[in-house]
Amino acid sequence: MFEEPWQATAFALAVRLSAEGHFTWTEWAATLADEIKSAAARGEPDDGSRYYHHWLAALERLTVLKGLSDRAALLARKDAWADAYRHTPHGQPVELAIDADA
C-alpha cells in the first residue's frame, strides 16, 4: 500500500486529525478529490504514482484552512527537513530538531 514511510505517516495523520474532529471525512474526501482534479488540469499523469503527493497536498490545505498550522510554518518545516537530510552522512538516520514554534 505504501511505497515510502512518509506516505504511511501522511495517511495516519489525516485519519487521526479527522477522528479528532478537526475535519470530517467528507471534507477530507472533497479536498483530496479537488487536489487530484487540479493535478489532472495541470496535465499530471493519472497513473497513481502521485496519489500520496495529492494526499499530502490535501492534508496541508486542510491543516491551514482549519487553523492547525499556517503556510509559513509548513514551508519552514520543509526547509528544515531538507537542510537536515542534506547534512546527514549517508547511511545515517536523518534527525530533525523539534522546534517548539513548528
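Read from the start of the sequence, the protein chain follows the pattern α-α-α-α, with 4 helices and 0 strands. Helices (H or I, at least four residues) and strands (E, at least two) are DSSP runs, numbered from the N terminus. This is a predicted model, in which local features need pLDDT of at least 70 and side-chain atom pairs count only at pLDDT 80 or more, while totals for chains, interfaces and linings use all residues. Residues are numbered from 1 along each chain as its sequence is written, and side-chain values use heavy atoms, with hydrogens and water left out.

Along its principal axes, the C-alpha trace of the protein chain spans about 40 × 30 × 25 Å. Of the 102 residues in the protein chain, 22% are buried. Here buried means under 20% relative accessible area, exposed means over 50%, and partly exposed is in between (1.4 Å probe, protein chains only).

**The nonpolar core**

In soluble globular proteins, nonpolar side chains tend to be buried together. What makes up the largest nonpolar core here? The core has 11 residues in all: Ala10, Ala14, Leu17, Phe23, Trp28, Leu32, Tyr52, Trp55, Ala58, Leu59 and Leu62. At least two residues of this core come from each of α1, α2 (25-41) and α3, and α3 gives the most, with 5 residues. A nonpolar core is a set of buried Ala, Val, Leu, Ile, Met, Phe, Trp, Tyr and Cys residues joined through side-chain atoms within 4.5 Å.

**Aromatic rings**

The structure holds 10 aromatic pairs. One of them joins Tyr52 and Trp55 in a tilted arrangement, 5.8 Å centre to centre and with 50° between the planes. Rings of Phe, Tyr and Trp (its six-membered ring) pair if their centres lie within 6.5 Å; planes under 30 degrees apart count as stacked, over 60 as edge-to-face and the rest as tilted. Tyr52 and Trp55 both lie in helix α3, 3 residues apart, about one turn of the helix. Both Tyr52 and Trp55 are buried.

These two residues also belong to one aromatic cluster, formed by Phe2, Phe11, Phe23, Trp25, Trp28, Tyr51, Tyr52 and Trp55. Phe11 sits in helix α1 and counts as partly exposed because its relative accessibility is 26%. Between Phe11 and Trp55 there are 7.6 Å in space, C-alpha to C-alpha, and 44 residues in sequence.

Another ring has a charge for company: Arg86 lies over the face of Tyr85, at 5.8 Å from the ring centre. A charge sits over a ring if NZ of Lys or CZ of Arg is within 6 Å of the ring centre and within 35 degrees of the ring normal.

**The largest pocket**

Rolling a probe the size of a water molecule over the atoms shows where empty space is left. How much space lies in the largest pocket? About 860 Å³. Of the 21 residues that line this pocket, the closest to its centre are Leu13, Leu56, Glu60, Leu74 and Arg77. The elements that give two or more residues to the lining are α1 (5-19), α3 (51-65) and α4 (71-86).

A pocket is an open set of points on a 1 Å grid over the protein atoms alone, where a 1.4 Å probe fits, with protein on both sides within 12 Å along at least five of seven lines; lining residues have an atom within 4 Å of a point. Grid points are joined across faces, edges and corners, and a volume is the space filled by probe spheres set on the points.

The lining divides into 14 nonpolar, 4 polar and 3 charged residues. Ala, Val, Leu, Ile, Met, Phe, Trp, Tyr, Cys and Pro count as nonpolar, Asp, Glu, Lys and Arg as charged, and the others, Gly among them, as polar.

**Three charged residues**

Glu60, which lines the largest pocket, is in helix α3, and so is Arg61. Glu4 is found in the segment before α1.

| Residue | Relative accessibility | Class |
|---|---|---|
| Glu4 | 41% | partly exposed |
| Glu60 | 14% | buried |
| Arg61 | 28% | partly exposed |

From C-alpha to C-alpha, Glu60 and Ala82 are 17 Å apart in space and 22 residues apart in sequence.
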